[in-house]
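Dear colleague,

Please find below the structure that I am handing over to you, together with its sequence. My findings follow directly after it.

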Amino acid sequence: SVFWMPFQWLEIDAYAKRSYRLPSFNDLYYSQMGNSSLVPEQAEQFGLDIRFSERKPSNYHLDVRISPYFNRVSNKIVAIPTSSQFRWTMLNIGLVDVTGLDTRAEAGINRGDWFLEGTLRYSLQQALDHSDTDSRTYGNQIPYIPLHSGGIGLEARYGYWSLCWDTSIS
């Protein structure tokens, strides 16, 4: 991981890592969906986080974050429906390349006892099956990983009272 702050309003963080995820007990043995032949998931992950920030001590703040990333995942663990929408099973997908971009913008303002804040989030995640070139699913988005997703959050505070609203869209 490398962190650099060239200006007070700009932060850049880059990382490269390897991770290893074991299937959970439920993934392996749960009566309706378990698959005892699952193997652990391994990933090589690379990413960049760029954050722009503007803060005034008592009036307002604005933060914008842009985070592109790439993950190469071997034996990706996924849940897939079987003969019915109510019966699922866990399985491994041999090789998945995930390219994505997460963005977030947050703005808030203070006026006396009042505080108002809004947040916008958007993610683009392309998770492609690169397991078997002869497979029908080769090069396609893997199931149940949305290509586009996002959300909106709003918060209003007065003294010790707070009202929040948050939604996600996929």
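A search of the whole structure, which is a predicted model, finds five aromatic pairs. One of these pairs consists of Phe-7 and Trp-9, whose ring centres are 5.1 Å apart and whose planes meet at 5°; the pair is therefore stacked, since planes under 30 degrees apart count as such. Phe-7 has a relative accessible area of 44%, so this residue is partly exposed. Trp-9 also counts as partly exposed, because its relative accessibility is 42%.

Trp-9 takes part in a further pair, with Phe-52. The centres of these two rings are 6.4 Å apart and their planes are at 15°, so this pair too is stacked. The contact links distant parts of the chain: Trp-9 is in the loop between β1 (2-7) and β2 (10-21), whereas Phe-52 is in strand β3 (residues 41-55), and 43 residues separate them along the chain. With a relative accessible area of 33%, Phe-52 is partly exposed, because the value falls between the limits of 20% for buried and 50% for exposed. Taken together, the ring pairs link Phe-7, Trp-9 and Phe-52 into a cluster.

A contact of another kind involves Tyr-15. Lys-17 lies over the face of this ring, at 5.7 Å from the ring centre.

I turn next to the pockets. The largest pocket holds about 160 Å³ of space. Its lining is made up of 16 residues, and those closest to the pocket centre are Glu-41, Gln-45, Asn-71, Val-73 and Lys-76. Several strands contribute two or more residues to this lining, namely β2, β3, β4 (60-81), β5 (88-111) and β6 (114-129). Of these, β3 gives the most, with four residues. By residue character, the lining of the largest pocket divides into eight nonpolar, five polar and three charged residues.

Some of the strands that line the pocket also pair with one another. β4 and β5 run antiparallel and are joined by 21 bridges. Within this pairing, Ser-74 stands opposite Leu-95 of β5. The connection from β4 to β5 is a hairpin that passes through six residues.

β5 pairs with β6 as well, again in the antiparallel sense, over 16 bridges. Arg-104 has Arg-121 in β6 as its bridge partner. These two strands form a hairpin with two residues between them, and Gly-112 in the turn has a positive phi of about 65°.

One further residue of β6 may be of interest to you. Is Gly-118, which is placed in strand β6, buried or exposed, or does it fall in between? Gly-118 counts as partly exposed, because its relative accessibility is 23%, and buried would require a value under 20%. Its C-alpha atom is separated by 9.6 Å from that of Trp-165, although the two residues are 47 residues apart along the chain.

When you open the model, the cluster of Phe-7, Trp-9 and Phe-52 and the lining of the largest pocket, to which β3 gives the most residues, are the places where I would suggest that you begin reading.

With kind regards

Note on methods. Residues numbered from 1 in each chain as written. Predicted model: local features only at pLDDT ≥ 70, side-chain atom pairs only at ≥ 80, totals over all residues. Heavy atoms only, no water. Phe/Tyr/Trp six-rings, centres within 6.5 Å; stacked < 30°, edge-to-face > 60°. Buried < 20%, exposed > 50% of the residue type's maximum accessible area, 1.4 Å probe, protein only. Lys NZ or Arg CZ within 6 Å of the ring centre and 35° of its normal. 1 Å grid on protein atoms, 1.4 Å probe; cavity = no way out; pocket = protein on both sides within 12 Å on 5 of 7 lines; lining within 4 Å. Points joined across faces, edges and corners; volume = space filled by probe spheres on them. Nonpolar A, V, L, I, M, F, W, Y, C, P; charged D, E, K, R; others polar. Pairing = 2+ DSSP bridges.
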